[in-house]
Amino acid sequence: MNDDVDRKILHALQCAPRAPFRRIGEVTGVSEQTAARRYHALRRSGVMRVIGLVNPAVYGQAHWVARIRSRPDRVGPLADSLAKRPDIAYANLASGGSEIICMIRSPVEAQRDDVLLRQLPRSASVLDVSIDLLLHPFGETGTSEWTGYGAGLTPDQVRQLTGDRPPTPAGPPRPPTDEDTPLLDALAEDGRTTHTRLAELTGWSNARVARRLEALETSGTLFYDVELLPERLGHTLNATLWLRVAPARLKQAGEELARHTEVAFAGAISGRHNLMVSVICRDAEDFYRYLTTRVAAIDGIDAYEVSIRVRRLKQAASLVFHGRLVQPTPL
């Protein structure tokens, strides 16, 4: 990333992933052409991707947090095979290469053993597995994504981008139809695919594409994610905090952590540690400062563990290959 303009454009995309380049340029203080050129350069470099995703709740799925402890000399093939699975997200190698941390999408009703046997390949290299249910993610779109890479947008600029955002859907998301498949496939590859291109792929009119997108988005069926490689943005240390918090303070602690610029994700989980926090810092000293000041100031934390990432394998949907975010190939 070259300068503050790139940082502001990234922040704008996190707030409004499909905002027109004209609007992004107005908010960030550059021309429409400059905003488009900077975005395409970032995407071509593999440092970021905007993707459209179907809400797992549509299919009755929840997110499970898996910690897989493995023999360090055998962890590579296991980690790579897990990352390639479409039901695995946010996979990382941690703890000196002996632990795989990932998210599994699977129905809540599934038994614990069934989830493990169905989702994880059997391997003699696995020494121990723990799987906990993600109970509740903290924060909201536009404020919970990691934006700690430098000067971003002001609160007023964020409001300019998000002021017309529809309210959060109250009911369950509606399942997509078979007709939606080419639309959703295109958005999974590039969440900013234009209405014109989506119309070509679906055989619909631009107006019908716009109506269908609005219906899928407002119902909570379709959402967008901006995937980033923080190490390419000067932040080389990524840690997962496993915190134990008194139930009476869990909500307050989770919401406060989600507001920290160092935090990419915070969620309440089942298990011995009931709060999981993904933290991104520039280096070890930066992380130490964060841990001993901002985390230490939160009431209710009575125990913690730290897993340090040593290799990023997968984001929400993109594989990490030679330091670039790439679209996975179907298995």
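Me: How far apart do the end C-alpha atoms of residues 242–309 lie, and what are the helix and strand shares of the span?

Reply: In this predicted model, the end C-alpha atoms of residues 242–309 lie 13 Å apart. The span is 35% helix and 40% strand. An unreviewed UniProt entry lists these residues as "domain: Transcription regulator AsnC/Lrp ligand binding".

Me: Which strands does E5 pair with, and in what sense?

Reply: A general idea comes before the case. In a regular strand, side chains alternate between the two faces of the sheet. Here, strand E5 (residues 126–137) runs antiparallel to strand E2 (residues 61–70), and seven bridges join them. Within this pairing, Val65 stands opposite Asp132 in E5. E5 also pairs with strand E8 (residues 263–269) in the antiparallel sense, over three bridges. There, Leu134 has Ile269 in E8 as its bridge partner.

Me: How should one read a nonpolar core, and which residues of the largest one touch the most other members?

Reply: In soluble globular proteins, nonpolar side chains tend to be buried together. The largest nonpolar core of this model has 26 residues, of which Leu10, Leu13, Ile24, Met48, Leu161, Leu228 and Leu233 touch the most other members. Two or more residues come from each of H1, helix H2 (21–28), helix H3 (32–44), strand E1 (48–54), helix H6 (155–162) and strand E6 (222–228). H1 gives the most to this core, namely five residues.

Me: What does Ile24 touch, apart from residues up to four places away in sequence?

Reply: With those residues left out, Ile24 touches Ile9, Ala12, Leu13, Ala19, Ala35 and Arg192. A second, separate core has 22 residues, including Ala258, Ala266, Tyr290 and Leu291.

Me: Is Asp6 buried or exposed, and why?

Reply: The idea is to compare the relative accessibility of a residue with a cut-off: buried means under 20%. Asp6 counts as buried because its relative accessibility is 2%. This residue is found in helix H1 (residues 4–15), and its side chain makes a polar contact with the side chain of Arg38 at 3.0 Å.

Me: Why does Arg312 count as buried, and with which side chains does its own side chain make polar contacts?

Reply: The same cut-off of under 20% applies. Arg312 has 8% relative accessibility and therefore counts as buried. Its place is in strand E10 (residues 301–312). The side chain of Arg312 makes a polar contact with that of Glu231 (3.2 Å) and another with that of Asn238 (3.4 Å). Leaving aside neighbours within four places in sequence, the residues in contact with Arg312 are Ala91, Asn92, Leu229, Pro230, Glu231, Asn238 and Val320.

Terms used. Residues numbered from 1 in each chain as written. Predicted model: local features only at pLDDT ≥ 70, side-chain atom pairs only at ≥ 80, totals over all residues. Heavy atoms only, no water. Pairing = 2+ DSSP bridges. Helix = DSSP H or I, 4+ residues; strand = E, 2+ residues; numbered from the N terminus. Buried < 20%, exposed > 50% of the residue type's maximum accessible area, 1.4 Å probe, protein only. Polar contact = N/O pair within 3.5 Å; in protein donor to acceptor, adjacent residues only side chain to side chain. Contact = heavy atoms within 4.5 Å. UniProt positions renumbered as here; feature names shortened; annotations may be inferred. Core = buried A, V, L, I, M, F, W, Y, C linked by side-chain atoms within 4.5 Å.
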